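Me: I am new to this structure and would be grateful for a close look at a single part of it. Please explain each term as it arises.

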Amino acid sequence: MSNTATVYSRAWYGDEELTLNFPTGWEVEILGPKDAPELSDAQIEKIFADPIGTQRIAELAKGKKSAAIVVDDLSRPTPAARVIPFLLHELASAGVPKSEIRFVVGGGSHRPLTDAEVAKKIGADVAAEYEATSHDFMDGNLRALGSLDNGMPIYLNRVVADADFKVCLGGIYPHGAVGFGGGAKLVVPGIAGFATMFYFHTFSPSRGHAVIEKQGSEPDHRDFAEAVARILGLDVIVNTVLNSRREICGLFVGDFIQAHREGAHFALDTYGTEIPEASRKETDLVVLNCYPLDSDPIQTGKALWATRYFQKAYKMALNPASDGICYHGLFDQIDYNRFLEQKAERTESELPPPQLGTQDQLHVWSEHFLVDDFYKKHRGACLFRNLDELIALFAEKLPAHAKVAVLPSAGIQVLAPEK
């Protein structure tokens with residue numbers, strides 16, 4: 001068995017291969033997802049021609065004078081630029097004026113994207129020809145749409161609310177609050193104002209990680225998001241499922257509930273990962289590669305789901321955190337400009353000398369996760385800049401024939417029953 005493993009790393013910042021070199025004599029096991037092949041252009045065209053639960057977009061949008069396309073930000077790995085040309089073709093066929101088609105980055109309370117980042121997300125040509133803005137959840141220029149029966153006030157991005165035709169283009173990834181991202185999540189919290197977002201996060205029960213349908217009778221996060229999307233008049237979704245190479249292997253176009261549920265079932269199967277019983281018991285070190293959710297430091301936690309399944313393993317996560325900016329406005333409770341001012345005023349702490357922790361501690365290799373942000377976010381964990389140095393420390397601690405389990409895309413993998 002090989003003592004090396006090659007994984008993908010740095011989503012949006014190269015999507016490069018990263019090779020992990022472990023000591024001679026170590027046994028490395030790759031525990032990858034089921035996965036699926038990339039869709040061809042012809043397959044994408046066919047999916048747009050036969051949407052789920054709705055008419056074709058070219059028919060739905062006929063007579064509409066304007067359109068808003070909500071896309072997720074770079075904290076999500078969705079390669080929106082791959083499918084946007086197909087979507088724009090549908091809108092053009094419907095007669096929607098090109099000058100009245102606008103893109104909105106529905107990042108919730110995340111930071112706004114730079115022009116260069118918008119070009120990465122929607123494509124340089126599209127960014128040059130269409131208006132694209134980032135949603136500001138603290139902006140006062142929101143549209144008020146009443147409230148839900150539970151009291152949640154509804155304030156949404158005005159550009160989207162005022163558009164005649166509304167599309168959400170995002171990805172379906174495991175998420176603790178809504179089961180799987182995608183669907184109406186780009187409405188709430190994607191383009192929601194502070195009051196809506198605060199109520200949503202504070203008073204709504206979670207659906208659970210990778211849970212597709214509601215558990216019990218009480219409405220949860222996804223129910224509330226979908227209720228708001230219905231009031232908004234969300235016309236259609238375009239949702240992707242990715243493979244372990246960040247390629248689109250599933251595309252679901254249509255009704256924001258029906259298409260999302262079908263996509264979530266496909267995602268559950270595609271991201272499904274078997275962890276053999278022997279691996280659970282015998283693994284000495286589990287390596288969790290945060291890719292493709294490894295551009296945003298905050299997303300590290302989404303790769304840690306598997307740690308509880310290994311009985312005696314040390315834990316190592318790989319997140320270059322290429323973005324390097326650990327901002328979540330709702331929880332930081334400040335707007336992004338003030339956040340930058342505070343950041344400029346503070347002096348960053350030095351990284352402590354590299355030292356291995358215990359089996360219960362998390363060891364994280366990251367090139368750009370700032371020290372103070374890291375230890376605030378991951379109390380009791382250990383941060384390392386040099387990957388080879390971290391592996392060398394494990395070599396001193398673990399047996400000469402240590403067993404290593406590597407989850408190559410842990411950020412989106414989901415535990416599947418052993419067959």
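The request below concerns one helix, and the reply begins there before turning to other parts. Which residues of helix 8 are buried, and what lies at its start and just after it?

Reply: The model is a predicted one, in which local features need pLDDT of at least 70 and side-chain atom pairs count only at pLDDT 80 or more, while totals for chains, interfaces and linings use all residues. Residues are numbered from 1 along each chain as its sequence is written, and side-chain values use heavy atoms, with hydrogens and water left out.

Helix 8 covers residues 221–232. Helices (H or I, at least four residues) and strands (E, at least two) are DSSP runs, numbered from the N terminus. The expected span of a helix is 1.5 Å times one less than its number of residues. For the twelve residues of helix 8 this gives 16 Å, and the end C-alpha atoms are 17 Å apart, which agrees.

The buried residues of helix 8 are H221, R222, D223, F224, A225, E226, V228, A229 and L232. Buried means under 20% relative accessible area, exposed means over 50%, and partly exposed lies in between (1.4 Å probe, protein chains only). Because nine of its twelve residues are buried, helix 8 is largely enclosed by the rest of the structure.

At the start of helix 8, a side-chain oxygen of D220 comes to within 3.2 Å of the backbone nitrogen of R222. This is a polar contact, that is, a pair of N or O atoms within 3.5 Å; within protein, one must be able to donate a hydrogen and the other to accept it, and residues adjacent in sequence count only if both atoms are side-chain atoms. Just after helix 8, G233 takes a positive phi of about 90 degrees.

Two residues outside the helix touch members of it. The first to consider is K185, which belongs to the loop between strand 11 (179–180) and helix 7 (194–203). With neighbours within four places in sequence left aside, K185 is in contact (heavy atoms within 4.5 Å) with R76, H175, V178, G190 and R222. K185 counts as buried because its relative accessibility is 15%. Its C-alpha atom is separated by 24 Å from that of V126, which is 59 residues apart from K185 along the chain.

The second is V187. On the same basis, leaving aside neighbours within four places, V187 is in contact with L156, C168, A192, V228, A229, L232 and L234. V187 also belongs to the largest nonpolar core, which has 90 residues; I69, L91 and V187 have the most contacts inside it. Such a core is a set of buried Ala, Val, Leu, Ile, Met, Phe, Trp, Tyr and Cys residues joined through side-chain atoms within 4.5 Å. Helix 3 (residues 80–94) gives the most to this core, with eight residues. Another core, of 26 residues, lies apart from it and has A303, W305, A317 and C326 among its members.

The sheet may be described next. Six strands form an open sheet in the order 3-19-15-16-17-18, with parallel pairing; two strands pair if DSSP finds at least two bridges between them. Strand 3 (27–30) and strand 18 (382–384) stand at the edges with a single partner strand each, so one side of each is left without a neighbour in the sheet. Strand 3 is joined to strand 19 (residues 403–407) by four bridges, and the two run parallel. Within this pair, E27 stands opposite K403. Helix 14 (residues 387–397) packs on the sheet, where it touches strand 15 (285–289), strand 16 (314–318), strand 17 (362–365) and strand 18.

Two further loops deserve attention. R111 lies in the one between strand 5 (101–105) and helix 4 (115–122), and its 12% relative accessibility is the reason why R111 counts as buried. The side chain of R111 makes polar contacts with the side chain of E117 at 2.6 Å and with the side chain of D323 at 2.4 Å. H328 is placed in the loop between strand 16 and helix 11 (329–332). It is buried, with a relative accessible area of 15%, and its side chain makes a polar contact with the side chain of S109 (3.0 Å).

Methods. Axes are lines fitted to C-alpha atoms, for helices over the stretch in contact, and angles run from 0 to 180 degrees between N-to-C directions.
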